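Me: I'd like a close look at one part of this protein, the sheet and what sits around it. Could you take me through it slowly?

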Amino acid sequence: MINEKNKDVICAAPWMHLYIDVLGAVKPCCTQDLKYGDANRIGVYSDTRSIIDIWNSPATVEFRKDLLDGVKQEGCKFCYNQEKHTGVSLRTSLNEQYGNLITESVTPEMQIKYFQVSSSNLCNMACVMCGPVFSSDWYDDDKELHKDKTVLSDKFYKITKETEEDIIKNIINDELDLIYFTGGEPLITAYHYKLLDKMVSMNIANDIKLRYSTNLSTLKYKSFDIIEHWSHFKSVEVAASIDMIGERAELHRYGTDWEKISKNLHTVRFDIPNVSLQPQITITALSIGYLPELLTYFIDELEFTDEETIHSNLVFETVALNPQLLPTEVKQMYTKKLESFLENTKYKFLCESVIMSSVTYMNEVDKEQDFHLMTEYLNSLDRMRRTDWKSLWPEIAKLVPKNNLKIEVIDE
């Protein structure tokens, strides 16, 4: 129950939502570090027989109790930061849609309305702000960067067959309202298509909404045609991970073929019934100064208007790419550029939240003393990937100190 004591803390997630990541961890949501339990180890413990048992694990019960009591959670800092800078977050969105499902019970019956699954880290890109947990294509670079401190011991990770079946048995039913596919890259993940086929065969697809976090590099997978699959569902939201255009996009989301991505964006935008395109921009030290070019592309090429939504995520945790590391000279130049764009765009409402939250966050704290972390990190990636970030961001590159030529391994 939302009240004055807990309104700034409480979240509907632990009453109606689950997230299962590529390692089998069951969590309240994708931004939380709290782990309810391990779906991949079901059966190993005598008292954990299914996801239903994890739903009311001791960690889950304590989390619900703390939220009801208005106790601020360290693991919820991503949403708190988003709310501070943009006014909205996953927490506020879930409360708006599902807040009526919050009860005083700390052991409610499991009836999942919104389910998110990252069934595999299989991915065909290695975005500069990502890592091997969410992208198999990051594995070799991560080994080179961190030597004996690599994050993962294997390149490919996915949930177990047992977890796959447990999801189908206990979560995929007519109570489900929305399923959110993340990755890795869900459109090249076999289990994603298995779940779609299962929902169609159960005759519940018409009542279920789909959402995707996807790089939109392909609309086909082996013999599967995603467009045909989508036609069976109530609606489909494609939260395409697009941060920049052209060559900068190809470096920022390494593995991008911009011409192909642009073609797929046009297809999703204009050619598929019941599918909406809602771009998800990740705002880093590299992408922040080129938001005007990206937003102009959305407006001119994809015909976005003030009636629609563009989402954004500010980079808080990827230390080396935090916009607050930028030199003062660059911050001032970017601030002027972004504010001028907002003043002159024909769709101010569409762009205002993205632009103003970015400008505010970038200038909120001066971390220029850590600028070297960014340049050393990007230099390391250049060496491994044979890219050249300095040629694409000359306004930043010219401020790299002459003695900042070494390539060092950094831990984020």
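Reply: Here is a walk along the sheet, then its helices, a cavity and a few odd spots.

First, some ground rules: this is a predicted model, where local features need pLDDT of at least 70, side-chain atom pairs count only at pLDDT 80 or more, and totals for chains, interfaces and linings use all residues. Residues are numbered from 1 along each chain as its sequence is written, and side-chain values use heavy atoms, with hydrogens and water left out.

Helices (H or I, at least four residues) and strands (E, at least two) are DSSP runs, numbered from the N terminus. Two strands pair if DSSP finds at least two bridges between them. The sheet is open and has eight strands, in the order β3-β2-β1-β4-β5-β6-β9-β10, with mixed pairing. At its edges are β3 (37–38) and β10 (275–277), each of which pairs on one side only.

Let's zoom in on the β10 end. Strand β9 (residues 235–240) runs parallel to β10, and three bridges join the two. Here V238 stands opposite L277 of β10. Helix α11 (residues 258–270) packs on the sheet and touches β9 and β10, and its direction makes about 130° with that of β10. Contact here means heavy atoms within 4.5 Å. For the angles, axes are lines fitted to C-alpha atoms, for helices over the stretch in contact, and the values run from 0 to 180 degrees between N-to-C directions.

Another helix, α8 (residues 190–201), lies across β4 (114–117), β5 (178–181) and β6 (209–214), at about 165° to β5. The loop between β5 and α8 holds G184, and the peptide bond from G183 to G184 is cis, with omega near 10°. Over in the loop between β7 (220–221) and β8 (224–225) you'll find K222, whose phi is near 50°, a positive value in a residue other than glycine. Why point these out? Because most residues other than glycine have a negative phi, and most peptide bonds are trans.

Back to α11, which with α10 (246–252) helps line the second largest cavity, each giving at least two residues. A cavity is a set of points on a 1 Å grid over the protein atoms alone where a 1.4 Å probe fits but cannot get out, and lining residues have an atom within 4 Å of a point. This one holds about 70 Å³ of space. Its lining includes H252, W258 and I261, and divides into six nonpolar, four polar and two charged residues.

How far can you trust the picture? pLDDT is the predictor's confidence in each residue, from 0 to 100. The protein's mean is 92, and 95% of its residues reach 70 or more. Over residues 405–412, though, pLDDT is below 50. Where pLDDT is low, the predicted coordinates should not be read in detail.

Technical notes: 1 Å grid on protein atoms, 1.4 Å probe; cavity = no way out; pocket = protein on both sides within 12 Å on 5 of 7 lines; lining within 4 Å. Points joined across faces, edges and corners; volume = space filled by probe spheres on them. Nonpolar A, V, L, I, M, F, W, Y, C, P; charged D, E, K, R; others polar.
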